[in-house]
Amino acid sequence: MISPVSVISPPDAGLLDPALDGLGVVLLDGQARLRVWSDTADAIELVVFDDTDLDWITATEPLVAIGGGVWEITTPLLRPGTRYAIRVDGPHGPGNTFNGGTLLLEPYSRGLVRTGYDGWRSEVVDGSFDWGGVAKPAIPMDRTVLYEGHLKGLSKRHPDVPGALRGTYAGLAHPAMVQHLLDLGVTSIELLPVHAFTTEPRLLQHGLANYWGYNSLNFFTPHAAYATEEARRQGPEAILREFKGMVKLLHEAGLEVILDVVYNHTAEEGIGGPRSSLRGIDNRAYYRQQEDGAYIDVTGCGNAVDTSTDAAARLVLDSLRYWANDVQIDGFRFDLAATLGRDAGHVFTPEHPLLRAILDDPALAGVKMIAEPWDVGMGGWQTGNFGDGWSEWNDRYRDRVRNFWLSDVDYARRASTSPVGIGGFANRLAGSANTFADARGPLASVNFVTAHDGFTLRDLVSYDVKHNLGNGEQNRDGADTNRSFNHGAEGPTDDERILATRRKAMRNLLGTLLLSAGVPMLTAGDEFARTQRGNNNAYCHDSVLTWLTWEHAPWQQDLYAHVRHLLRLRRENPALRPSRFARLGERTPSASVMEWYDEHGETMSIERWTDPSHRTLQYVAASTPEFEGFNRVLLMVHGTERPIEVTLPDVEGVTRFVSLWSSADETPSESAEVFVPGDTVALAGTSMRLFRAE
């Protein structure tokens with residue numbers, strides 16, 4: 001049997017054992033070689049189908065075991081366009097689910113074609129593509145602004161994208177979409193899953209679909225339904241070509257492409273689910289299970305890929321290499337990444353060989369690696385515990401920022417005092433040093449207030465509770481704790497006072513996100529306040545509920561202008577985007593030295609950090625130049641609904657403060673009002689204001 005993870009060597013051996021090289025189809029001169037890994041199989045057979053009738057078997061040939069669990073065949077039957085499957089037979093017993101009659105997808109397939117209701121065939125693709133010398137943008141991490149969106153939903157309703165391209169790979173790369181992204185000021189598009197996926201039978205029974213795509217069929221094939229009708233008609237080669245064309249055009253515009261990848265589980269679900277690929281090839285090696293064959297489900301999806309085995313870990317690593325090099329992808333966001341870091345005893349370790357190999361593999365040098373640092377198993381919450389080189393979704397940031405601007409304000413309305421002071425919020429604003437090790441720095445934190453999963457920004461300030469009845473689960477699905485606040489009315493309202501307060505709350509949330517140290521992630525549509533009508537788990541809706549709308553009221557255009565303005569300020573002020581944490585008494589290049597003052601312009605006392613009645617802060621950040629010029633900013637934060645007068649502090653070397661932005665303004669001001677130390681500034685209730693300190 002293959003070795004457990006605890007004895008896998010570093011990336012130069014073990015996980016990169018040459019015996020596991022070249023799995024899948026490799027095209028040779030006039031023929032092709034197919035390699036499949038199964039340590040337990042007794043026999044593996046190649047099955048070739050007619051070019052037009054995917055149920056007509058035209059040839060079968062056996063694969064030969066060549067050692068190390070690898071089976072191989074070299075044959076002229078495999079050529080670009082050939083549709084094929086494999087059949088695998090093996091012993092019966094706990095953990096084994098072999099059936100020599102089942103047609104299986106070959107795991108390294110670069111192309112898939114559908115047959116009937118729930119069947120697929122692999123297809124050989126050549127994959128050649130002219131990149132025309134276009135290189136990856138290689139955006140430095142401190143300048144990276146992630147924009148998380150759904151491939152289809154982004155362009156499906158865009159009026160300036162031709163109808164045939166809407167909701168497709170080509171549609172995302174259309175000049176109208178590219179111009180929006182560039183005008184907004186984001187740098188990197190983080191796409192929800194685009195690996196080939198399918199909808200679970202349970203959803204189909206309710207007339208719903210798996211819209212988000214977290215149900216992978218295969219780790220090497222782009223999802224066919226996102227290609228144009230013309231590409232789908234031509235087949236997998238054209239679909240892959242359209243995908244690469246999208247990447248090329250986005251790169252030409254200077255935009256990175258990050259893929260949300262789902263390696264933690266597959267569409268085969270739990271025992272009794274479909275047997276489409278890995279389950280029929282070597283179930284015991286590919287999925288985590290007890291000795292009796294019962295699955296150990298740490299994903300909540302029925303199965304968990306067992307990356308404590310060399311073959312499963314290598315499958316993930318080879319998929320990453322393929323997308324990063326053959327398809328020129330700039331980075332990956334790993335869904336439920338804690339699952340990938342579990343060892344043979346199913347315990348998470350940041351030193352897991354796969355996690356190390358992903359960072360150390362020369363074939364992945366320079367690729368951005370972002371972990372969703374949790375799963376649903378024991379010990380599954382691992383925020384801050386991944387190794388140096390990883391960035392992580394920071395749920396602690398999300399929760400603290402939502403609390404400060406929403407649930408704390410709700411609490412204060414009812415109790416006449418806030419539940420906590422400003423100290424925890426300030427820590428998140430400054431880079432979450434209490435979560436991420438000093439060596440990793442603030443760029444280990446991917447800051448977000450919303451994501452695909454949960455309320456949109458607009459719904460966060462408009463609903464106290466979820467409204468998920470349309471999901472077919474009697475409102476039981478989706479998170480119950482949202483840290484949201486409807487500001488006095490549940491959902492839509494005509495009360496202008498409530499609407500104005502909601503708009504300011506959105507500006508506060510966005511201002512915090514885009515002015516915090518760390519890597520900001522903006523959810524597509526939040527820049528113009530998209531709503532899902534209170535649904536906080538819209539994974540099963542492929543409809544106008546989830547597609548972005550591009551017709552906006554004046555107040556939505558104002559919000560967009562704020563986001564655009566904030567992103568410009570972030571670019572122009574390196575003090576807002578440090579790469580390292582400053583150390584007291586030392587000069588740390590690319591850090592920001594931070595000073596903290598209260599509303600009186602005096603240094604914050606210990607008591608004021610924790611006093612719930614004092615939620616006003618002045619935050620001065622001064623850059624330590626390494627690659628850019630010196631820069632210093634002052635950010636005012638006021639976290640109660642009572643207006644306040646704030647005295648500007650006396651900061652060494654500062655003679656004036658130039659106003660850059662205020663969340664109290666309905667539209668961003670370009671007035672650049674000038675103040676001097678000791679001046680008082682009027683702050684509206686629950687608001688922020690940014691200055692450049694000169």
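Which residue is the bridge partner of leucine 635 in β25? The partner is leucine 690. This pair is a handy place to start a tour of the structure, which is a predicted model.

**The sheet around leucine 635**

The two strands involved are β20, covering residues 632–638, and β25, covering residues 687–693; they run antiparallel and are joined by six bridges. Both belong to an open sheet of six strands, and if you trace the order you will read β18-β19-β20-β25-β22-β23, with antiparallel pairing. At the edges stand β18 (592–597) and β23 (674–675). Each of these edge strands has a single partner strand, so one side of each is left without a neighbour in the sheet.

A helix joins the picture here too. Helix α15, residues 554–572, packs on the sheet and touches β22 (657–662) as well as β25. The direction of α15 makes about 140 degrees with that of β22.

**Two pockets to explore**

Next, turn to the pockets. The table sets out the two by volume and by the class of their lining residues.

| Pocket | Volume | Nonpolar | Polar | Charged |
|---|---|---|---|---|
| Largest pocket | about 1,300 Å³ | 15 residues | 13 residues | 15 residues |
| Second largest pocket | about 770 Å³ | 19 residues | ten residues | ten residues |

The largest pocket, with its volume of about 1,300 Å³, is lined by 43 residues, and the closest to its centre are Trp212, Thr299, Leu336, Asp453 and Asn537. Two elements, α4 (201–205) and α11 (395–415), give two or more residues to this lining. Helix α11 provides the largest share, four residues.

For the second largest pocket, the lining is made of 39 residues. Nearest its centre you will find Arg114, Gly119, Trp120, Thr198 and Leu217. The elements that each supply at least two residues to this lining are β8 (111–115), β9 (119–123), α4, α5 (229–234) and α6 (236–252). Strand β8 gives the most, with four residues. Helix α4 is worth a second look, as it appears in the list for the largest pocket and again in the list for the second largest pocket.

**A closer look at aspartate 318**

To finish, find aspartate 318 in helix α8, residues 310–326. Is aspartate 318 buried or exposed? Its relative accessibility is 11%, and buried means under 20%, so aspartate 318 counts as buried. Leaving aside neighbours within four places in sequence, aspartate 318 is in contact with Leu20, Tyr108 and Phe220.

Notes. Residues are numbered from 1 along each chain as its sequence is written. This is a predicted model: local features need pLDDT of at least 70, side-chain atom pairs count only at pLDDT 80 or more; totals for chains, interfaces and linings use all residues. Side-chain values use heavy atoms; hydrogens and water are left out. On a 1 Å grid over the protein atoms alone, a cavity is a set of points where a 1.4 Å probe fits but cannot get out, and a pocket is an open set with protein on both sides within 12 Å along at least five of seven lines; lining residues have an atom within 4 Å of a point. Grid points are joined across faces, edges and corners, and a volume is the space filled by probe spheres set on the points. Ala, Val, Leu, Ile, Met, Phe, Trp, Tyr, Cys and Pro count as nonpolar, Asp, Glu, Lys and Arg as charged, and the others, Gly among them, as polar. Two strands pair if DSSP finds at least two bridges between them. Contact means heavy atoms within 4.5 Å. Axes are lines fitted to C-alpha atoms, for helices over the stretch in contact, and angles run from 0 to 180 degrees between N-to-C directions. Buried means under 20% relative accessible area, exposed over 50%, partly exposed in between (1.4 Å probe, protein chains only).
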